[in-house]
Amino acid sequence: MRVQEVKKIIKLKNVYKEYIYYKKDAGLKGSIKNLFSREILLKSAVRNLSFEVSEGEIVGLIGLNGAGKSTTLKMLSGLILPTKGEISVLGYKPFDKKKEYLKQISMVMGNKSQLWWDLPALDSFGLNKTIYEIDEKEYRETLNLMVDILNVKEQLNTQVRRLSLGERMKMELIAALIHKPKIIFLDEPTIGLDVITQYHIREFLKEYCKKYRTTIILTSHNFNDIIYLCDSLILINKGEKIYSDSFKNFKNEFLNEKLFVLKFKETNASKFIKDIKNSTTFLAEKLSEDSIKIIAYADSSLDVLKNISENLINELKDINIENISMDDVIRRIYQS
């Protein structure tokens, strides 16, 4: 049986983005000096970034604040031009802003709004229908589907400024997806939302992508977004890619660990770390003066428990065993 080739619809090759700014000394004297002589400086937001994304894939773009995530999305959507390097999305150069390209993409930024503040969201949807030249029947079918999934029928005729943050975010998603784009760029789509609204938005995006085979690049500091939605991950630091793989491989490599938190009767955690027998299968670290944590592969859990029972059981006040968090994993990758 012939295996169908997966189509790569987003391609970045050796992409850089640098911003020019000027050094300025403090105070009036510095301002006067800058009128006659200014030192030009460069800030590198993205450096030598290369990756590819397949059709229908949901990719998590992860990084600390200032890592270059939003800059990358803005270059992919055509909002800003890369300093150098090659970007191809659906066969187009994004910054050319060709109509045929713009009709196939959408971008949602959690801290920005595309809706008319003093009008009901339904008016903004109608405007997008005209802009994207959507057939009336198709528009109604798509709108009704999304309204039902997100459960916002009662809020359609309410002024946007009177909506809660969660309700407004749902309306933003409808406005962005009403033309059924092939690619969606999501920048912190669940920022500031309560856990219930976050869950409903993730469910909606998952169902929407499955129905329309949409490709998504998602940035988020909420790791639940990443865990629930993403097929693959790209980690960037100071504009450079430091990790890229499928989420399945990432999970097998980094999330196949257990975390043991030990709290002792005495405040001498450093001593207790020394008391644990040396092992290549787990790592012990001090958390506070009376507690330590042990990180071990899941298949080494029994060895850890045996070690604890033989060496520390009489010193323990409490023990907690849990799966390692994404926060811990990402922190370790960045620090390595």
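Where is the place of Asn222? In this predicted model, Asn222 sits in the loop that runs between strand S7 (215-219) and helix H8 (223-229). Although it belongs to a loop, Asn222 is buried, because its relative accessible area is 18% and the cut-off for buried is under 20%. Its side chain reaches the backbone nitrogen of Asn224 at 3.0 Å, and, when residues up to four places away in sequence are left aside, Asn222 touches Thr190, Gln198 and Arg202.

From this loop one can step back to the other side of strand S7, where the loop between helix H7 (195-212) and S7 holds Arg213. Arg213 has a positive phi of about 50 degrees although it is not a glycine. A positive phi of about 50 degrees is also found at Asn14, again a residue that is not a glycine, but Asn14 has its place in strand S1. With a relative accessible area of 36%, Asn14 is partly exposed. A further positive phi, of about 95 degrees, is taken by Gly78 just after helix H2.

Helix H2 itself, which spans residues 69-77, is mostly covered, with seven of its nine residues buried. These buried residues of H2 are Lys69, Thr71, Thr72, Leu73, Met75, Leu76 and Ser77, a list in which Lys69 stands beside residues such as Leu73 and Leu76.

Another buried position is offered by Val59, which lies in strand S3 (residues 58-62). Val59 counts as buried because its relative accessibility is 2%, against a cut-off of under 20%. The C-alpha atoms of Val59 and Thr215 are separated by 8.2 Å, although the two residues are 156 residues apart along the chain. The contacts of Val59, not counting residues up to four places away in sequence, are with Val53, Ile216, Ile217, Leu218, Cys230, Ser232 and Ile234.

The surface offers a contrasting picture. Ile20, Tyr22, Ile40 and Leu42 form a nonpolar patch there, and together they have about 420 Å² of accessible area. Two strands are involved, S1 (8-23) and S2 (39-54), each of which supplies at least two residues of the patch. Ile20 has its place in strand S1, and Ile20 is exposed because its relative accessible area of 57% lies over the 50% cut-off.

Charged side chains bring a further theme. Side chains of opposite charge can pair when their charged atoms come close. The count comes to twelve salt bridges in the model, and a few of them can be followed one by one. In helix H5 (residues 136-150), Arg140 and Glu136 lie four residues apart, about one turn of the helix, and their side chains meet in a salt bridge with an N to O distance of 3.1 Å. Both partners are partly exposed, Arg140 with a relative accessible area of 41% and Glu136 at 40% relative accessibility.

Helix H6 (residues 165-177) holds a pair with the spacing of about one helical turn, because Glu172 and Arg168 are four residues apart within it. Glu172 forms a salt bridge with Arg168, and the closest N and O atoms are 3.6 Å apart. What sets the surroundings of this pair is burial: Glu172 counts as buried at 2% relative accessibility, and Arg168 counts as buried at 12%.

A salt bridge also joins the side chains of Glu285 and Lys293, at 3.7 Å from N to O. Here the partners fall into separate classes, since Glu285 is partly exposed with a relative accessible area of 30%, whereas Lys293 is buried with a relative accessible area of 12%. Elsewhere, salt bridges that share partners join Lys99, Lys103 and Glu133 into one network.Finally, the record can be set beside the model. In an unreviewed UniProt entry, the annotation "domain: ABC transporter" covers residues 10-263. Within the model, the end C-alpha atoms of residues 10-263 lie 49 Å apart, and this span is 37% helix and 30% strand.

How values were computed. Residues numbered from 1 in each chain as written. Predicted model: local features only at pLDDT ≥ 70, side-chain atom pairs only at ≥ 80, totals over all residues. Heavy atoms only, no water. Patch = residues over 30% accessible without salt bridge, like charges linked within 9 Å, V, L, I, M, F, W, Y side chains within 5 Å. Areas by Shrake-Rupley, 256 points an atom, 1.4 Å probe, with all protein chains shown as cover. Salt bridge = Lys/Arg side-chain N within 4 Å of Asp/Glu carboxyl O. Buried < 20%, exposed > 50% of the residue type's maximum accessible area, 1.4 Å probe, protein only. Polar contact = N/O pair within 3.5 Å; in protein donor to acceptor, adjacent residues only side chain to side chain. Contact = heavy atoms within 4.5 Å. UniProt positions renumbered as here; feature names shortened; annotations may be inferred.
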